[in-house]
Amino acid sequence: MPTITIDGVHYEVEQGKNLLESCLSLGLDLPYFCWHPAMGSIGACRQCAVVQYQNAEDTRGRIVMGCMTPVSDGAIFSLAGDKAQQFREAIVESLMLNHPHDCPVCAEGGECHLQDMTVMVGHRDRHYRGRKNTHRNQYLGPLINHEMNRCITCYRCTRYYRDYAGGTDLAAMAAHDHIYFGRHQEGVLQSEFAGNLVEVCPTGVFTDKSLVHDYTRKWDLQSAPSVCTGCAVGCNTMPGERYGRLKRVHNRFNAEVNGYFLCDRGRFGAGFVNSDKALEYPGLRQADGRYRALDHHEALLRMAQQCAQGRVAGIGSPRASVEANYLLRQLVGADNFAPGFSDTEQVLVSLALQLQADSAALVPDIATIESADAVLILGEDVTNTAPRIALALRQSVRNKAYELAAELKLETWQDAAIRNLAQHQRSPLFIAAVADTPLDDVATQCLYLAPASIAALGQAVAAGLGGGDSKAATDNAAGALPRAIQAEAAAITAALAGAKRPLVIAGTTCGSAAILRAAAEVASALCSGARQTMLCLCVPEANSLGQAILAGPDAPNLTTLQQRASAGEIDTLVVLENDLYRRGNEAQIDALLAACSQVIVLDGLDNATTSAANLVLPAANFAESEGTLVSLEGRAQRYFPVFQPQAERRAAWVWLLACLKEMERSEVYPLHHFDDITRACAADIPALAGITAAAPDLHYLNLGVKIPRQPARYSGRTAMRANISVHEPKQREDEETPLAFTMEGLNRDQPGALLPWVWAPGWNSNQSVHKFQTEAGGPLKGGTAGARLLHPGGSRNRTNTRPVAGDAAAENSGVSGAQPGLWQLVPRPRIFGSDELSAMSPALAELVSPGFIELCPADAAGLGIDTGDGVEVGDQLATLELRVNDSMAAGCAGYGAGLAGTGNLRALARVSLRRAETWQRRPGLIASDRGAGPGSSHV
Amino acid sequence: MSDRNSSATIPLLDDTETTLSAAEIAGIDAEIAHAPYRSAVAIDALKIVQAHRGWVSDESLRAIARHLHMSAAELDGIATFYNLIFRRPVGEKVILLCNSISCWIKGCEGLQQQITQQLGIGLGETTGDNRYTLLPVTCLGACDKAPVLMVGEDLHEDVDAQTLRQLFDNSGGGA
Ligand code: SF4
Ligand code: SF4
Ligand code: FES
Ligand code: FES
């Protein structure tokens, strides 16, 4: 480790870092703007200036940029010297020339990196008396506000948006003091990761529009460590609340999962918490079909009564916590507990779990995905189903650039140099999908194939690597695998075989067990030699994997329950946080609910299932409750209540535990707290034993005190209730978690799972996170949040595999062979709308697309229809708008999975299609409108 | 990247969008033939289209971007960086008046005032008859002949009041 001297003090620093990182890691405050721990250095802002001396005799020294200067043994620097300080102060003054003095009305105020740096450099008096430049702002869509006057031209936005996230519609325009960061024309920012601009921009140019319109300063927000419920990636978040409303979601750093970035579904989708569909009171359906609001206690008694009588079955939910699901399973018994997946998904998620657990390949966390030097994606459109993984893959293709850089001994933080060096050279990424995906622009090759051919391609690659079932592969090569693709299969095989860290990705979205198996076969064929092989199988929801572990492979599915109900074997059905109409077709769910004499639903938002219930209990949402979720990499993570449940909502586990106690079920007598349920579940289900390690329990104290949800400057606790009473009530005690609903306590160096907000003296912005890290950009001092349940690298007993029940059904539907007059339905999920809850977020509402069908041009022409026409699917399964997509595999009909009107469509089903005669074309559509196929423009 | 906004409206190819002329495409393609990838000829393509159309409108810019397989934002970043790519209409001839150091010492400010008087336009403005647009420029590389200006393709050296009268007096300009 090199030793350097800063202002006369010797420090040991890490080799290969730059001086700025090293200073921050040492706890020295060196101001900066353009450097970002995830994006490296370009030396654009000149803020991190220090003086470097040639040697001990050199007394003059010269100004260098800390972020561009590698640390080397014996180097001598001065941070505090007058020359460096004056330079840095002059830089801030020059940045302030055109910066408006509008902090009081700026949404960044109070958490602004520019404010922090201005104070840090000691710049106080402006000398400039001229006019300031002003700019016109652009409308950038419903999510992000634009206020260009505040720009300090650090270039972080375009570096993030274009270089890091692959966006094409934001650029630096013009030059010198006219420079402008915006779009070619006003319009919605197209990147799925645009929201990170809010945190990347060090000033108030890009801010969260929902926050701007419903504003609270950071210091007045109450926050808690939380986990995104948008998909199965499980990004760590810090939602902020005031007045019982969720105000915004910020990234919570987790070195192994999301790092510094979220996707827009996660950041803006959590707004469903404020939806006017949120349920507030328990309701009892009366004879006339209307609901009568019940008092909390009466509701509980009724629930207990109904659950105590007759035969009870329960349907859990992959979007509810492990604990709530566990209690429901206790309530109804394992034999009567359906996990709440659709039938196919139940098979596939269990299969994904089994394949990962049995695989010798590493099940990578998201950060490790970035290290892959060759990637094969089979079928899954990760940008739309597990978005944060797509952002990680955009970094993985840069490993080629880092290799080239290593040859020239360039450090990885030399961002501009490395991008220049590599130009368009990327590590191999192969995508086989039913049609175009948003990652195609960085792919080596994209193959658009029907699901059976995707599976066959995987098998052929596995066989080429000397693994898998070579007979099946040979058969398929002759059948399902088009001859033209065989050369591609060979190319993929070669690329993977030549890689050091190959990664295979597939997922449950395409509905094909064969694809999942093929992916596992490729991975296992690669698991030889010195390679570090990775296998990532995506599942759909925040707790899909946890639910599959909890329920086990033998749990009844929805069809089984419906059959039992129809046979009169179920009197009372308890549904936990699950809109069943998204899980099975309408007729089947109608039959199930109608056959049970009592339907009790616990959920947070009004939906078709709550509307069909006899008794509805309002369940607290993720921001009002605690729970454990198991992410797609098998990481158990805890979310904590940000604020107390509003109205009569209670955490689902609170309702269920109270109900069990009311029923005098002795097994729950020892359970008093949330943690007790976690422990009971861990003891009961061996595979979930690790969940207790997801976060410290409620007895954890940080140097003797709790962790505050409110920052030290939280203001107006009396004023915010003054319309009710000017007397400030005692702050409610949190009896379930190590966090407190107050400003008292200590938010420092605690375990990463308990970080509610970031702040450090002098660092009000989110940049203060480095004060919580072991080194700038490194893991949190208190440890990375979450506990891995799947032992990465297949340390499980590999021989002990058991076929998952019902597997054959899902397998068969994947069988190839076009049937004349029938199309195979293939899901085409969307980042906005395919997920149930985020679609209810007011901010995302206008970005949610109505349901659609996608066909290739030839298939559309054969039906005599074009984009904008209506298509009738099957026998009145759905009527949807057609989008012709040049890239769609022939014989496949893509559908907007999860979007309005697609509830009856199931992946891989064969359906007839015909023109919907009564369809009204939407105005403004012209014949040349097309889906975003490779031939069309994105401009 | 898929179109995020494809829900409410599908504003992809608009019927009113311009396309490049055959001559423009031929010119650009000739440049592409020598380039490692299409977007490498962005500046040349902008110049070619500007030569044909006088300036580069938003529609022209998008047409070029499509032809070069790059995003409009990226091309616009390039187009707006260079002040001789005109993103607004200009007159038939552009007057480039140097205001850099030598020309400033030799009195370019007076010249600018005189032009404004004669033609009735300030910097960045176009005469009512659309004949001239006046723009400042930083050094025309003829500092030894300062002050200098260009009118259209022609460089005028050692400019004085007399030169300007000759150049613009009978032009009938003025707003
Ligand atoms: S908009 Fe923000 S991030 Fe972009 S250059 Fe300006 S200050 Fe930096
Ligand atoms: S990738 Fe998934 S978990 Fe992460 S922010 Fe997006 S929706 Fe949330
Ligand atoms: S942070 Fe070093 S120059 Fe900007
Ligand atoms: S300064 Fe005017 S031509 Fe150089």
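Helices (H or I, at least four residues) and strands (E, at least two) are DSSP runs, numbered from the N terminus. The views below show a predicted model, in which local features need pLDDT of at least 70, side-chain atom pairs count only at pLDDT 80 or more, and totals for chains, interfaces and linings use all residues. Residues are numbered from 1 along each chain as its sequence is written, chains are lettered from A and ligands numbered from 1 in the order in which they are written, and side-chain values use heavy atoms, with hydrogens and water left out.

**View 1. Helix 24 of chain A and its surroundings.** Helix 24 spans residues 652-662. Its buried residues (under 20% relative accessible area, with exposed over 50% and partly exposed in between; 1.4 Å probe, protein chains only) are Ala652(A), Trp653(A), Trp655(A), Leu656(A), Leu657(A), Cys659(A) and Leu660(A). The cover over these residues includes helices 8 (296-308), 9 (322-332) and 25 (674-684), together with strands 23 (572-576), 24 (598-603) and 25 (615-618), of chain A. Just after the helix, Glu664(A) adopts a positive phi of about 55°.

**View 2. The environment of Arg265(A).** Arg265(A) belongs to helix 7 (residues 264-269) of chain A. Although buried, Arg265(A) has no salt bridge, that is, no side-chain nitrogen of Lys or Arg within 4 Å of a carboxyl oxygen of Asp or Glu. The nearest side chain of opposite charge (Lys and Arg count as positive and Asp and Glu as negative; His and the chain ends are not counted) is that of Asp835(A), 4.7 Å away. Beyond its neighbours within four places in sequence, Arg265(A) is in contact with residues including Gly230(A), Asn384(A), Arg830(A), Phe832(A) and Leu844(A); contact means heavy atoms within 4.5 Å.

**View 3. The shell around ligand 1.** Ligand 1 is surrounded by 13 residues, each with a heavy atom within 4 Å of it. The closest are Cys151(A), Cys154(A), Tyr155(A), Cys157(A) and Cys201(A). By class, the shell comprises 10 nonpolar, 2 polar and 1 charged residues. Here Ala, Val, Leu, Ile, Met, Phe, Trp, Tyr, Cys and Pro count as nonpolar, Asp, Glu, Lys and Arg as charged, and the others, Gly among them, as polar.

**View 4. Cysteines without a disulfide.** The structure holds 0 disulfides over all chains, a disulfide being a pair of cysteine sulfur atoms within 2.5 Å. For Cys892(A), the nearest cysteine sulfur is that of Cys856(A), 8.7 Å away. Cys892(A) is buried, with a relative accessible area of 1%, whereas Cys143(B) is partly exposed, at 37%.
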